[in-house]
Amino acid sequence: MMEPRPEPMLPTTGPRCRTCGKAIASDFPTAPFCSQRCRMADLGRWFAGEYRISREIQDSDLEAGD
Ligand SMILES: [Zn+2]
């Protein structure tokens with residue numbers, strides 16, 4: 001029977017990936033994310049939030065003047 005190996009060299013406390021919550025080293029190249037993928041995912045979520053905040057374009061927005 002094989003037992004699962006413990007995670008090597010990952011701190012149990014300290015910074016964690018903001019996207020997936022995985023523990024990372026503070027000097028990690030992609031900190032505060034565990035990977036470039038998670039960094040981009042967070043960025044995309046941030047932009048999505050921005051778009052959600054802005055209201056829908058209405059007819060009055062398209063009319064110049066007045
Ligand atoms: Zn992550």
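Colleague: Is Arg-45 buried, partly exposed or exposed, and what is its relative accessible area?
Modeller: Happy to start there, with the reminder that this is a predicted model. Buried would need a value under 20% and exposed one over 50%. Arg-45 falls in between, so it counts as partly exposed, with a relative accessible area of 46%.

Colleague: Thanks! Which residue forms a salt bridge with Arg-45?
Modeller: The structure holds 1 salt bridge. Side chains of opposite charge can pair when their charged atoms come close. Here the closest N and O atoms are 3.1 Å apart, and the partner of Arg-45 is Asp-42.

Colleague: How are Arg-45 and Asp-42 separated in helix H1?
Modeller: The two residues both belong to helix H1. They are 3 residues apart there, so the separation comes to about one helical turn.

Colleague: Let's move to the metal. Which residues coordinate the zinc ion?
Modeller: The donors follow the spacing C-x2-C-x13-C-x3-C along the chain. Each donor is an SG atom, and the distance is 2.3 Å. The residues are Cys-17, Cys-20, Cys-34 and Cys-38.

Colleague: What arrangement do the 4 donor atoms around the zinc ion make?
Modeller: For four donors, the tetrahedral label needs all angles between 85 and 135 degrees. The angles subtended here run from 103 to 117°, so the arrangement is tetrahedral.

Colleague: Cys-20 and Cys-34 are donors too. How many residues apart are they, and where do they lie?
Modeller: This pair links distant parts of the chain. Cys-20 and Cys-34 both lie in the segment before helix H1 (36-53), and their separation is 14 residues.

Colleague: Is Cys-34 buried or exposed?
Modeller: For contrast, Cys-20 is partly exposed, with a relative accessible area of 47%. Cys-34 has a relative accessibility of 17%, and the cut-off for burial is under 20%. Cys-34 therefore counts as buried.

Colleague: Which residues does the cis peptide bond join?
Modeller: Most peptide bonds are trans. In this model, a bond with omega of about 5° is cis, and its proline lies in the segment before H1. The residues joined are Ala-31 and Pro-32.

Colleague: I like ring geometry. What kind of aromatic pair do Trp-46 and Phe-47 form?
Modeller: A search of the whole structure finds 1 aromatic pair. The ring centres of Trp-46 and Phe-47 are 5.4 Å apart, with the planes at 75°. Planes over 60 degrees apart meet the criterion, so the pair is edge-to-face.

Colleague: Is Trp-46 buried or exposed?
Modeller: Its partner Phe-47 is partly exposed, with a relative accessible area of 39%. For Trp-46 the value is 52%, and the limit is over 50%. Trp-46 is therefore exposed.

Colleague: How far apart in space are Met-40 and Thr-19, C-alpha to C-alpha?
Modeller: Met-40 lies in helix H1, and at 45% relative accessibility it counts as partly exposed. Met-40 and Thr-19 are 21 residues apart in sequence, while their distance in space is 9.4 Å.

Colleague: One last one: what share of the 66 residues in the protein is buried?
Modeller: Some context first: the secondary structure comes to 2 helices and 0 strands. The accessible surface is about 6300 Å², of which 56% belongs to carbon and sulfur atoms. Among the 66 residues, the buried share is 12%.

Note on methods
Residues are numbered from 1 along each chain as its sequence is written. This is a predicted model: local features need pLDDT of at least 70, side-chain atom pairs count only at pLDDT 80 or more; totals for chains, interfaces and linings use all residues. Side-chain values use heavy atoms; hydrogens and water are left out. Donors are N, O and S atoms within 2.8 Å of the metal (3.2 Å for Na, K and Ca); water is not among the atoms, so sites may look incomplete. Four donors count as tetrahedral if all angles lie between 85 and 135 degrees; four count as square planar and six as octahedral if opposite donors are over 155 degrees apart and all others between 65 and 115; anything else is irregular. Helices (H or I, at least four residues) and strands (E, at least two) are DSSP runs, numbered from the N terminus. Buried means under 20% relative accessible area, exposed over 50%, partly exposed in between (1.4 Å probe, protein chains only). Rings of Phe, Tyr and Trp (its six-membered ring) pair if their centres lie within 6.5 Å; planes under 30 degrees apart count as stacked, over 60 as edge-to-face and the rest as tilted. Accessible areas come from the Shrake-Rupley method with a 1.4 Å probe; for residues, only the protein chains shown count as cover. A salt bridge is a side-chain nitrogen of Lys or Arg within 4 Å of a carboxyl oxygen of Asp or Glu.
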